[in-house]
Amino acid sequence: MSLRIGILGASRIAASAIVEPAAALGHRLVAVAARDPLRAQVFADKYGVERVLASYQDVVTDPEVDVVYNPLANALHAPWNLAAVAAGKPVLTEKPFARDRTEAARVAAAADAAGVTVMEGFHYLFHPINQRALALAGDGTLGELTRVEVRMGMPEPQPEDPRWSLDLAGGALMDLGCYGLHALRRFGTPSVVSATAVQRSPGIDERFDAELVFPSGVTGLTANSMVEDEYSFTLRLIGTRGEAFVHDFVKPHGDDRLTVHTEEGTTVEHHGTRTTYTYQLEAFAAHVLDGAPLPLDTADAVANMALIDEAYRAAGMQPR
């Protein structure tokens, strides 16, 4: 069976996050709407979406739409996820789940009460390279885990990009750091020790770093910058007997290396160039169509937003 997918907006991420995976897996893109109808038409023509609808509401209520993909600006994630839940449509939503913990909890409560899946798109988690790294941290290969570091950098978005908008819940921690905090939380429940931010404009961080600690004493770092010369998304797991380094944990289809250093020597593993988004949509579709379990739920999304809020406060900033 195939899913009939409705897309909210004609965003830059949609091509890699939903269009290509849907084509690879045999799912249909049946509807799209955007604020600019012309842009929606161009998007539909380019990517083979079957119909252009007049509004986001038309997409979420369309009887031919099985599931909704929501890649809108951060501030629009929660409102339109709620609209999809009200229509009984499962949602694959881009991260972050909402603007803050309070808003995330509202969406989670509605989804759980309705029995409708709303999954936050932390696609990295579905790729074998990251599953392997998590396994190495727990099977004794690295000894006792002592530290986890997630470093993320990207070139500067254009000035009008929503990621620079406070009203649209932008900022480096929201766009990049949500990944780092999410990855850190695979190892337990950390708390923020300290955080520093460089603000591009009041309330909008272009750089954001946070140090965290787990009850076990393991420490963590999420370091994020939206003003770098190039993209870099690395995950490093450090233990008493060695370390594992994922060269690109967000886009391993571009660099699928996992380098493991131990007392026995150094090995480089390769985990394939099938995209994280393809693995993610495959798992989401299996859940919707066959009831297969997912590794992410609404409680996880709320907990991640709570940690984002905590990090902002630690840096002397207000949550979104």
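These legends describe views of a predicted model, from the whole chain to one helix.

**View 1. The whole chain, with nine helices and 13 strands.** The radius of gyration is 19 Å, close to the 20 Å from the globule rule for 320 residues, so the chain is as compact as a globular protein of that length. Along the principal axes, the C-alpha atoms fill a box of roughly 60 × 45 × 40 Å.

**View 2. Interior and contacts of the chain.** Of the 320 residues, 56% are buried. Take the contacts with a separation of 6 or more: 66% of them join residues 24 or more positions apart.

**View 3. Surface and charges of the chain.** The exposed area is about 13,000 Å². Carbon and sulfur atoms supply 50% of that area. The chain carries 27 positive and 41 negative charges. The mean positions of the two sets lie 2 Å apart.

**View 4. The buried side of helix α2, residues 37–47.** The buried residues here are Ala-40, Phe-43 and Ala-44. They sit on the same side of α2 because their arc around the axis is only 95°. Their cover includes strand β1 (4–8), helix α1 (14–25) and strand β2 (28–33).

**View 5. The exposed face of helix α2.** This face is turned away from the buried side of α2. Leu-38, Val-42, Asp-45 and Lys-46 are the exposed residues on it. Compare View 4, where Ala-40, Phe-43 and Ala-44 are buried.

Notes:
Residues numbered from 1 in each chain as written. Predicted model: local features only at pLDDT ≥ 70, side-chain atom pairs only at ≥ 80, totals over all residues. Heavy atoms only, no water. Helix = DSSP H or I, 4+ residues; strand = E, 2+ residues; numbered from the N terminus. Rg over C-alpha atoms; globule rule 2.2 N^0.38 Å. Buried < 20%, exposed > 50% of the residue type's maximum accessible area, 1.4 Å probe, protein only. Contact = heavy atoms within 4.5 Å. Areas by Shrake-Rupley, 256 points an atom, 1.4 Å probe, with all protein chains shown as cover. Lys, Arg positive; Asp, Glu negative; His and termini not counted. Charge placed at Lys NZ, Arg CZ, Asp CG, Glu CD. Arc of directions from axis to C-beta.
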